[in-house]
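The report below describes a single protein chain for a reader at the bench. It takes up salt bridges, then the sheet, and then the pocket and the cavities.

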Amino acid sequence: ITGSRGCIFSCLFCANPAIYTYKIRHRSPENILAEIRELHHRGYNLFSFRAEIVTANRRWAKEIINGIKALQGEGIFIHWMAQTRADLLDEQIRRNMKDSGLIRLSFGIECGDQRAVDILKGSHASVEASAKNISIASGLGIKNIQYYIFGGPGETWQAMFKSLLFIRRNPPDMIGTNVIKQYPGTRLNGAA
């Protein structure tokens, strides 16, 4: 289910700012819940929720999560997966996501070294917050996928080693790795 398009952040490697101009276009929670209801009646009960960062707009996310929980009163029980930034989770939203049927969260960790993360994502992204939220989500039984980017500006062998240590200390259920590329429209390629 596509819930939104776009992103409010300006990560060095991402072309979303050039495409969506730092805006997110959200589908209404009512429309999304109607789609879940219709697909459930057709026999589907596992959903991959597509939004760059499902918790970027917490009010919108909470409306959807509460709506999915309300569907349980109609006998509609689903499992779903989403992606977010670990620094955009709080205790209440984590618990509500789990209670609504969330089974997997994908996190863009990018690197286990804070200096490298500051370059890739900006100083608002925190390796410490990522570790904390992955641990809490895992404790709730939510599986986690961690994504990493290698070869970024200023990345050292020590930074890569810190990523390996992060993975060891915060074991993922799945892992995805990429080598950084200069795509058109990214800040890495000279875009503003």
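A salt bridge is counted here when a side-chain nitrogen of Lys or Arg lies within 4 Å of a carboxyl oxygen of Asp or Glu. The structure is a predicted model, and a search through the whole of it finds seven such salt bridges. One of them joins Arg-58 to Asp-90, whose closest N and O atoms are 2.8 Å apart. Because Arg-58 belongs to helix H3 (residues 58-71) while Asp-90 sits in the loop between E4 and helix H4 (91-99), this pair ties together parts that are 32 residues apart in sequence. Arg-58 is partly exposed, with a relative accessible area of 28%, and Asp-90 is also partly exposed, at 23%.

A further salt bridge is formed by the side chains of Asp-113 and Lys-162 (3.1 Å, N to O). It links distant parts of the chain, since Asp-113 is in the loop between E5 and helix H5 (114-121) and Lys-162 is in helix H7 (residues 157-169), 49 residues apart. Asp-113 is buried, with a relative accessible area of 8%, whereas Lys-162 is partly exposed, with a relative accessible area of 40%. The side chains of Glu-35 and Arg-27 also meet in a salt bridge (2.7 Å, N to O); Glu-35 counts as partly exposed at 27% relative accessibility, and Arg-27 counts as partly exposed at 24%.

The strands include an open sheet of five, in the order E3-E4-E5-E6-E7, with parallel pairing. Strand E3 (46-48) and E7 are the edge strands, each of which pairs on one side only, and the twist from one strand to the next averages 15°. Within this sheet, E5 and E6 run parallel and are joined by six bridges; Leu-105 has Asn-144, in E6, as its bridge partner.

Strands of the sheet also contribute to the largest pocket, which has a volume of about 610 Å³. Its lining comprises 25 residues, of which Phe-13, Cys-14, Glu-52, Glu-110 and Ile-149 lie nearest the centre of the pocket. At least two lining residues are supplied by each of strand E4 (79-84), strand E5 (102-110), strand E6 (143-150) and strand E7 (174-179), and the largest share, four residues, comes from E5.

Besides the pocket, the structure holds two cavities of 30 Å³ or more. The largest cavity has a volume of about 70 Å³, and its lining residues include Ala-86, Asp-87, Gly-108, Ile-109, Lys-121 and Ser-130. The elements that give two or more residues to this lining are E5, H5 and helix H6 (127-139). The second largest cavity, with a volume of about 40 Å³, is lined by Ile-1, Ile-36, Phe-47, Phe-49, Ile-64, Ile-68, Ile-78 and Trp-80.

The table sets out the classes of the lining residues.

| Space | Nonpolar | Polar | Charged |
|---|---|---|---|
| Largest pocket | 13 residues | seven residues | five residues |
| Largest cavity | six residues | three residues | two residues |
| Second largest cavity | eight residues | no residues | no residues |

The lining of the second largest cavity thus has no polar and no charged residues, while the lining of the largest cavity has three polar and two charged ones.

Key:
Residues numbered from 1 in each chain as written. Predicted model: local features only at pLDDT ≥ 70, side-chain atom pairs only at ≥ 80, totals over all residues. Heavy atoms only, no water. 1 Å grid on protein atoms, 1.4 Å probe; cavity = no way out; pocket = protein on both sides within 12 Å on 5 of 7 lines; lining within 4 Å. Points joined across faces, edges and corners; volume = space filled by probe spheres on them. Nonpolar A, V, L, I, M, F, W, Y, C, P; charged D, E, K, R; others polar. Pairing = 2+ DSSP bridges. Axes fitted to C-alpha atoms, helices over the stretch in contact; angles between N-to-C directions. Buried < 20%, exposed > 50% of the residue type's maximum accessible area, 1.4 Å probe, protein only.
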